[in-house]
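Work through the exercises below with the sequence and the structure at hand, and try each task before you read its solution.

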Amino acid sequence: MNVSAQRRRLAMTRFANSFRKDRSGMTGVVILAIFIATAILAPILIPDAALDVTKADGGRFEGPSFSYPLGTDESGRSILLLLAWGTRISLTVGIAATIISMVLGTAFGIAAGHFRGAGSHALVGVTDWFLVIPFLPLAIVLATVLGPSTTNLIIVIGITSWAGTARLIRAQTLSIEGRPYLERSKALGAGNWYQMSRHVLPNVFPLVLANTTLTVAIVILSETTLSFLGLGDPQAPSWGALLDRAFSSGAVSRGAWWYVLPPGICVVLVVLAFTLVGRAMERIVDPRRAS
Amino acid sequence: MTLLQFRDLSVDYTSNDGMVPAVRGVTLGVEAGETLGIAGESGCGKTTLASTVLRLLPDTAQVRGEVLLDDVDILTMKWGRLRAVRWSQAAIVFQGALHALNPVQRIGDQIAEPIRLHQSVAEKQINSRVDELLTQVGLPASRAKSYPHQLSGGQRQRVMIAMALACKPALIIADEPTTALDVMVQAQVLDLLTGLVRDLGTGPAGGMGMILISHDLGVLGTTCDRIAVMYAGQVIESGPALEIFDNPKHPYTRALAAAFPRIGDPAARYAPTGLPGDPPFPGDLPTGCAFHPRCPIAVPACKLSAPALVEVAPSRMAACFEVES
Amino acid sequence: MGSKVLRAFITLAFVVMFNFFLFRMLPGDPIGLYARGRNQDPEQLVELRRALNKPLLEQFITYLRNPFDSTIDSTRFSRPVWEMIGERVWPTLLLLGTAILLASLIGIWIGIRAGWKPGGRFDRMSTGTTLILYSMPEFWLGMMLLIVFSVGAFGIPGMFPVGGISSPGVDTSGPMGWLNVLWHLVLPCTTLVLIYLADYALVMRASLIDERKQEYLTLARAKGLRDTMVRKRHAVPNALLPTVTLIFLSLGFVVTGAITVETVFSWPGLGLLTYEALRGPDIPLLQAIFLMFSIAVIVANLIAELLYVVFDPRVRS
C-alpha cells in the first residue's frame, strides 16, 4: 500500500471515530438507515395489486383501521403501502438529482477557482445568475418545457440547485490554489487537468461530501414541492405526488388527516436526518464554518 | 500603599483533556504610582493573570487564591459591586485594538460609554470630556466621529488609551499594548502611555498604578519600576527593572534578556544566546522545575523538585537552585 | 455602488433573454407547446401561429422592445397577461409582507436568545424546533393547519375559513371587510411565518455566535456593562447586519412559499396564478410570471447590497 492511500485510510478512520461520537449525526444515520431499508425492500414486500387502482379493495377515504393502519386514499388503496413505495421514488429522485447537482457544482466551482481571466469571470457570472434567479419559478418553467416525468424532474432539480455548491467549492479552491505544493506542481509544468484532479479535487472532497449530504435534504424538499405542483410523473407516487393527490381529491376539506399527515412526516424525518448528518460532517471536516 | 495584590493565585482551564493549569500560585503586588512589568513568552499565563483582575476569564476557567484591589477580594465580589469596580478602578488597554473596538460604533461613543456608566455627568460635559481625552492622547477632537476602521493601528491604540483613562482608574493594565504596531509607532504609543499614567495619576491616594505586559524584556526594562518574569504559569524572578535587565539571575531571564539586547551593547553581538525548544504545553508540564528541559545549567535535582521563589539579593527574588547556592 | 446596479441589470438582461429563448429554441412545433393538452379557440390559434411564425430574430426584437407587452394573450384566460398579474400583485404583497415582517421579528428574537447562550436550554429547544420547521414543506404545514383549524380535527373545532381572501358578498372596503380579510389571512400567514422564521432564527443565531468570540465584547464587559447591555448595545447590532441582508437575499426562497401556500389556501395572488398557469400549462402567462418573480428577486438582492452599504460603516467608506 502506498503512503497516500495509507494516509487517506487513517483520515477515514479518524473521521468515522469523530462521527460516532456526534449524537445528532448518529440519530440522522439511524433514521436514514430505516428509510433506505424501506426503499430497497418496497418491491419485495408490497404486492403490485396494492398500488393498482382497479384492484384496490378498501373504501374511499377510510380512516385508520386494523387492515389499513394509515387508512385509505380516494380510490381505496392503503396509504401505508403507497407511502412505503413513495419512499423509493422520493429517495431515488433525491439522490439522483443530488449527483447531478454535485457534479455540476464541483466542476464549475473548481474550474472557476482554478482558471484566471475572462473564463473564470464567465463561470462566476453563470453561478451568480443561478443563485439570484428564484428556484421555484425557474424550475416550473423548465419542467413545463420538458414535460412531466421522473427523469425530467431529476434533471430540472439538478440544474437548478448546483450554484450554492459551486460557490462554496470555488472559495475552497481559491484557498488551496495558494498552497506551496500546487505552486511546485505548476512550476514543474503540470497541466490544468492534472492540477485540478490530483491536487484540488482530493482537497475539496471532504467538504463536497458534507455539502452533498446537506444538498440531498434541500433536493428532497424541492422534489416534494415540484411533485405537489404536478410536475412529476403522475404514475410514480412520490411523497410529494401523494400530497398533490390528497390535495386535488379533496382530502383536506374532508378532514382526512391520515392521508396528509404521514407523507409530510416522512419528508420532515428524511430531510431532518440528512441535515443532521450533513451538519455533523461539516463540524468534523470544517469546524470553523460550522458553529 | 499596596494597590493590587495577587495572593497565591491559580487558574485552571477545563478542557476536553482535563484540567489545564495556566497560572500556578502567583503572589505579586503593585504599589500606587508604580509600574510593574510582567515578562514572558506567549502562553506563560501573563494574560490570564491580568484577566483575573476584572474577572474577565471565560466560564471554563477556575480561579483559586485572592486578588485584592484596595484590600477587597475581587474574586468573591457580588456581580453588582464587580461591575461598579470594572473600569472605574481598573481599566485595560487591550492588545489588538482593531478587534477590541466595536466596528459599527463611533469611537467617541465608545469612549463616552464608561463615563456615562460610572459617573453622573451631564451629557454636555461628557462630550467635552471625550474631546479632552482625545487631545490628551494626541488625536484631534474631531476624530470622535470616526469609526475604528478609519483610523490607523497607532491611532486606534491611542483611542484605547483614552478609553482606559476615561474614568481615571487607580490601575491600568496594558496587555501587550504595542505588539500589533510597527516599531516607530510602538515607541510613540508606549511613551504616551507611560507619560500619561505618570502625569495624570497624582491624587490623594497616590499615583496611578500600571501593569505592563510584554514579551520584550528590553521595553519593560526601560519603562517599568519593577519586573516579574513568568514561566509556565509561575513567577520565576522579580525585582527592580533595571537590575533585572542588566543583571538577570534566573537562567530563563538571562535568555530573555539576550533575546532583546540593548541597542549598542557590544557584548550581545558576540554572544547571541537563543533559547532552545518551545515553552512547555500547560497541560503537560515537566516534573520538577518546569524550565529544566531547556535550561543550560540544569542539575539532576531540577528534575525532581521545583525550586521556591526566594530572596537572592536585597529586593531580588528568583526560583532557581543554582542561583541560591 | 454603480457596479452593483450594473450587475443587477446584466442579470436582468439574461433573465429576459433566457425567458425568450427557452420556449422557442426547443425542437418541434412551438404551437404544440403553447397549446399542449388544451382545446384552443381556432381564432386564437391562428393569432398564435401568426405571431410564432415570424422569423426568430424579428420576434426577439419585438420582444426586446417591450418584454412587458406580451403580444400573446394568456391561452387559458384569453386576457393580456400583464393585466392579470397587476390584479394579483396586491394580495401577494399583503400576505408576504405580513409574513416576512412577523417572521423576521420572531425569528431574530429567537436567534438572539438562542445564540447568546449556545448550548443552553432555550437554545437546544429552539434549535430543535427550527430545524424541524426548516425540514418541513410549507404547503404540507398549510394543509395540516387547514385540516385542524378550518375543517376541524382531533377535537378542535374549525374556526377559520377554508380559503380565499374574503367571504363571498363581503365588501372589503370598510372596516368589517378588513376584519374579514384579516380572518382569512390568519392561517396562510401563520404557515409562512413558521416556515420563514426557522431560517431567520438559524441565521441570527449563527451570526450572534460568531460575534460572541469578538474581543470588543470582552472590552464591553470590562467597562462594567451588564450582560444584557453587552448584548443589546454591542453584540446584536453587529450580528443584525448579516441577518437583515440575508432576509432580503432570501426572497427567492420566500417566493417558493408564496406559490404553494397561496395554492393550498386559494389566496388569489401571484402564487395561485402560477399554479393555475402551470396546470394549463399556460405558457405566455408562465413566461410573464417568471419574468415578474425574477425581477422582484433581483431588485430585492440589489436592495440588500445597498442596505449593507448604508448600515455597515466599514463598507461605506
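Two residues are in contact if their C-beta atoms, placed from the backbone, lie within 7 Å. The model is a predicted one.

**Exercise 1.** Describe the overall build of chain B, beginning with its contacts.

*Solution.* Among the contacts in chain B with a separation of 6 or more, 64% join residues 24 or more positions apart. Next, count the elements, which come to 13 helices and twelve strands in chain B. The radius of gyration of chain B is 20 Å, close to the 20 Å given by the globule rule for 325 residues, so chain B is as compact as a globular protein of that length. Finally, 44% of the 325 residues of chain B count as buried.

**Exercise 2.** Determine which residues of α7(B) are buried and which are exposed.

*Solution.* Start with the helix itself, which runs over residues 183-200 of chain B and reaches 26 Å from its first C-alpha to its last. The buried residues in α7(B) are Val189(B), Leu190(B), Leu193(B), Leu196(B) and Val197(B). Because they cover an arc of only 135° around the axis, they lie on the same side of α7(B). On the other side of α7(B), Met184(B), Ala187(B), Asp191(B), Gly195(B) and Asp199(B) are exposed. As a last step, look for the partners of the buried residues, which pack against elements of chain B including β3 (35-39), α5 (123-136) and β8 (209-214).

**Exercise 3.** Describe the side of chain C that touches chain B.

*Solution.* The contact takes 18 residues from chain C and 23 residues from chain B. On the side of chain C, α9 (215-222), α10 (227-249) and α14 (313-316) each supply at least two residues, and α9(C) gives the most, with six residues. By class, this side of chain C has six nonpolar, six polar and six charged residues.

Notes:
Residues numbered from 1 in each chain as written. Chains lettered and ligands numbered in written order. Predicted model: local features only at pLDDT ≥ 70, side-chain atom pairs only at ≥ 80, totals over all residues. Helix = DSSP H or I, 4+ residues; strand = E, 2+ residues; numbered from the N terminus. Nonpolar A, V, L, I, M, F, W, Y, C, P; charged D, E, K, R; others polar. Expected span 1.5 Å × (residues − 1). Buried ≥ 20, exposed ≤ 12 C-beta atoms within 10 Å, placed from the backbone. Arc of directions from axis to C-beta. Rg over C-alpha atoms; globule rule 2.2 N^0.38 Å.
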